[in-house]
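User: Please take a close look at a single part of this model and describe how that part is placed in the rest of the chain.

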Amino acid sequence: MKLQKFRVVILLAATLVACAPANGESSHADTSPHWTYEGEEGPEHWGDLDPAYMVCGAGKNQSPIDVASPAEQDLANIVFHYQLSEVNILNNGHTVQVNYDAGSYIELDSIRYDVAQFHYHAPSEHAVDGKLFAAELHIVHKSADGNLAVVGILLDEGAQNDAYLPFTENLPAKESEATDAGVTINAADLLPAEQTSFRYSGSLTTPPCSEGVNWLLMTTPVEISTEQIEALTSLFEEGNNRPVQPLNDRPLTEDSTP
Ligand SMILES: [Zn+2]
């Protein structure tokens with residue numbers, strides 16, 4: 001009897017870990033309903049899995065999107081203030097995430113958004129003119145009043161990218177707590193050289209799909225090697241990218257001036 005109870009506790013604990021927030025863009029508790037990237041708990045059902053996920057199905061400002069025909073404008077540049085961080089890395093069952101050291105931030109229209117973490121999706125979530133990329137990195141930022149800004153970087157197959165190695169060489173294969181990988185990384189080196197971006201107002205791309213997220217998708221993809229892409233895709237074999245969502249009436253702009 002005692003042993004049975006113990007097993008129930010273990011099972012519950014395992015369930016809680018499996019249902020941890022997808023990528024930390026969200027702040028929902030660990031007891032949130034389970035979801036996946038395919039099957040009965042897949043993206044087309046997220047909105048029905050729990051009342052807290054309703055906006056995943058009913059929202060009109062969802063992410064990702066297919067970027068097509070953006071309005072080119074001379075917008076204020078994103079000002080990056082990224083510093084070196086230790087690689088505190090975890091696998092939450094939906095992605096691998098690096099919890100970034102405090103002190104790094106961007107300025108967007110005079111508002112400061114601090115870097116919280118970065119993580120990836122493979123294949124990419126955003127498409128450009130209908131084309132998906134091999135993978136996509138999301139650097140998640142939060143302002144003092146709780147607003148989110150996500151810098152998206154499209155990753156394309158090409159030359160090895162040494163700046164990404166502290167990440168791609170330390171991916172935990174199984175679900176794990178955050179662990180110090182003993183190396184450092186600088187998010188500034190993960191960005192493309194040309195820092196123009198597509199911009200629109202969207203959502204978290206994982207349940208609860210909350211809207212009001214400032215999306216800043218870098219226009220220029222960054223190359224990583226076939227081996228680095230394989231390291232990313234091998235962890236979540238069914239993929240960990242949400243399909244593109246309708247743009248609806250939202251403005252989509254491109255800051256075309258570096
Ligand atoms: Zn993401």
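The part I would like described is strand S12, with its pairing partners and the loop that follows. Which strands pair with S12, and is Thr 205 buried or exposed?

Analyst: The model is predicted, and its confidence comes before the details. The mean pLDDT of the chain is 90, and 88% of the residues reach at least 70. Residues 1-29 are another matter, with pLDDT under 50 throughout and 42 contacts in the model beyond four places in sequence. Where pLDDT is low, the predicted coordinates should not be read in detail.

As for the whole chain, it holds five helices and 15 strands. Of its 258 residues, 40% are buried. Among contacts with a separation of 6 or more, 69% are between residues 24 or more positions apart.

Strand S12 covers residues 197-203, and six of these seven residues are buried, so the strand is largely enclosed by the rest of the structure. S12 has pairings with S13 and with S15. With S13 (residues 211-218), the sense is antiparallel and there are seven bridges. With S15 (residues 253-255), the strands also run antiparallel, joined by three bridges. Phe 198 takes part in both pairings: its bridge partner in S13 is Leu 217, and its bridge partner in S15 is Glu 254. Further along S12, Ser 201 is opposite Asn 214 in S13.

S13 is itself mostly covered, with six of its eight residues buried. Besides its antiparallel pairing with S12, S13 runs parallel to S10, to which four bridges join it. Leu 217 of S13, the partner of Phe 198, also has Gly 152 opposite it. Leu 217 therefore links the description of S12 to that of S10.

S10 (148-157) leads on to the nonpolar core. The largest such core has 57 residues, of which Ala 135, Ile 139, Val 150, Ile 153, Leu 155 and Ala 187 touch the most other members. S10 gives the most to this core, with seven residues. Leaving aside residues up to four places away in sequence, Leu 155 touches Phe 133, Ala 134, Ala 135, Glu 136, Leu 137, Pro 221, Val 222 and Ile 224.

S10 is also among the elements that cover the buried residues of helix H5, along with strands S7 (111-121), S9 (135-143) and S14 (222-224) and helix H4 (165-168). H5 spans residues 226-233, and its buried residues include Gln 228, Ile 229, Ala 231 and Leu 232. These cover an arc of only 155° around the axis, which puts them on the same side of H5. Thr 226 and Glu 227, on the other side of H5, are exposed.

Back at S12, the loop between S12 and S13 contains Thr 205. Thr 205 is buried, since 29 other C-beta atoms lie within 10 Å, against a cut-off of 20 or more. Not counting residues up to four places away in sequence, Thr 205 touches Ser 63, Pro 64, Glu 125 and Arg 242. Glu 125 is 80 residues from Thr 205 along the chain, yet their C-alpha atoms are separated by 8.2 Å.

Methods:
Residues numbered from 1 in each chain as written. Predicted model: local features only at pLDDT ≥ 70, side-chain atom pairs only at ≥ 80, totals over all residues. Helix = DSSP H or I, 4+ residues; strand = E, 2+ residues; numbered from the N terminus. Buried ≥ 20, exposed ≤ 12 C-beta atoms within 10 Å, placed from the backbone. Contact = placed C-beta atoms within 7 Å. Arc of directions from axis to C-beta. pLDDT = per-residue confidence, 0-100. Pairing = 2+ DSSP bridges. Core = buried A, V, L, I, M, F, W, Y, C linked by C-beta atoms within 7 Å.
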